[in-house]
Amino acid sequence: MLAPRSLFNLGTLSLVLALTACGPGNESLTAIDESGDETASIIDPGTGTATDEVSTAQKLLLNQAMSVRYESNSILENKAELPAGTQIEVPTDYSSKNLDYRDSNGKIVRSSTGFIYPIKIVSVPSAFASQFPQSKIDTLNKTSGGLFIFASIVGNLQGVEGSFAAITPASPGAGFLANYQTSGKPKFSYTTSSTKRFPKINKGVDPASLSAADRAKWNAIYAELRKAANREVATPKSYLMIDSATAKQASLDYEKISKVATNGAWSIAVQQTAVRHGFSNVPCAEFQSELVREAYQRAGYRVSDDFNSTKGNKLIWSSTAAVVNFSMALYKAGWIAWDGTKYKPMTGALLMNGSGISPGHTYISGSDDGMIIVDNGAPQGRDLRKTSQSIIDMMFETGVFFLPPGINPPTW
């Protein structure tokens, strides 16, 4: 992901801009710097779904102080610091954005999880009532464009029970159409850089040429990736989300005794492994690595057979799981690299922004030939057809993707 420590900062966005002010109207804010692992407890889960004509909101209790922000010139500026115990409402059809935000030092930085909006402040603890009278809460809730809060709480919004809802494909928006044709075929190309990195790109393997054992292996592993990522149907959340204590133990077990979990990839990678090792702001390759490990485990195979020290691609990271390392680990394991401008990234394909180098981003196809994707910021699924041009330019220009041998994608 972002080399060595940033996930989405491409080109000039990799610069951390030191500014002297914290944004207009924010001089009195003490400003807290979220770490990316903030949580909130559900008070009222609400009812309805994102496809309902009328959709109710979920009520949550912030477990620690968090900032709410507003959008100004494509930057999220501090609006208020909400104390722990604040109740907020988030609509069941909330939206998300991956905009840069200004931290307490005035620096413009990026969050791996992005932000969700619009949220409403319901109440604050009585000890803070004088700082947040109802008149101020009402004014904050009328902020133009709505209030934004870290999407680190999305795990709480989604919960660990039940299923992710199937995603109904959206109509292609202007941002999508600037990068893709309506079919999903890219208008950009990373063919030159991808071919340089992966000389065997587009060299598919005829399934008939594989032994029966190898064919069964790769079909089973791919089937497990597809099950976890598919957003055409209601998909059990347990593939990606488990309770915090279980996720922490699973993360430690892999590092200490090489025990691979069978579910909870998002909770393990994003909420535990990346946080413990200090790269909570750049967990995309760790998340994708965990998806691969668990797919092997559920399919009944050892991930160490293909990812190990001998091949120089052991799928465990001591610091940050950079995109450049993850993509090369797949290649060395015999997975096939495919050019996204020539071939369709079918559901379960592991996608790379650009040619899979750092800084960059990695995600997995959730359906519609990569138009719906699943990543660390949107485990429930994200429809690129509704995504802004700036975010697609930065994170979701699929130049190369990977599939196991014998799983050959169709051409555009």
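How many nonpolar, polar and charged residues does the lining of the second largest cavity have? The answer comes below, after the cores and the backbone.

The structure is a predicted model, in which local features need pLDDT of at least 70 and side-chain atom pairs count only at pLDDT 80 or more, while totals for chains, interfaces and linings use all residues. Residues are numbered from 1 along each chain as its sequence is written, and side-chain values use heavy atoms, with hydrogens and water left out.

The largest nonpolar core (buried Ala, Val, Leu, Ile, Met, Phe, Trp, Tyr and Cys residues joined through side-chain atoms within 4.5 Å; buried means under 20% relative accessible area, exposed over 50%, partly exposed in between, with a 1.4 Å probe and protein chains only) has 45 residues. Leu 240, Phe 307, Trp 335 and Phe 402 have the most contacts inside this core. Among the elements that give it two or more residues are helix H5 (212-229), helix H8 (284-299) and strand E18 (398-403); helices (H or I, at least four residues) and strands (E, at least two) are DSSP runs numbered from the N terminus. H8 provides the largest share, 8 residues. Another core, of 27 residues, lies apart from it and includes Phe 115 and Tyr 117.

Tyr 117 also takes part in a cis peptide bond, to Pro 118, with omega near -5°. Pro 118 belongs to strand E9 (residues 115-123). Two residues other than glycine have positive phi: Ser 367, near 150°, and Asp 369, near 55°. Ser 367, in strand E15, counts as buried because its relative accessibility is 1%. Asp 369, in the loop between E15 and strand E16 (372-375), is partly exposed at 26%.

Asp 369 also helps to line the largest cavity, together with residues including Phe 176, Tyr 180 and Trp 412. On a 1 Å grid over the protein atoms alone, a cavity is a set of points where a 1.4 Å probe fits but cannot get out, and lining residues have an atom within 4 Å of a point. A volume is the space filled by probe spheres set on the points, which are joined across faces, edges and corners. There are 4 cavities of 30 Å³ or more, and the largest holds about 60 Å³.

The second largest cavity holds about 40 Å³. Helix H6 (244-257), H7 and H8 each supply at least two residues of its lining, which includes Glu 255, Glu 286, Glu 290 and Arg 293. By class, this lining has 4 nonpolar, 2 polar and 4 charged residues, where Ala, Val, Leu, Ile, Met, Phe, Trp, Tyr, Cys and Pro count as nonpolar, Asp, Glu, Lys and Arg as charged, and the others, Gly among them, as polar.

Note on methods. 1 Å grid on protein atoms, 1.4 Å probe; cavity = no way out; pocket = protein on both sides within 12 Å on 5 of 7 lines; lining within 4 Å.
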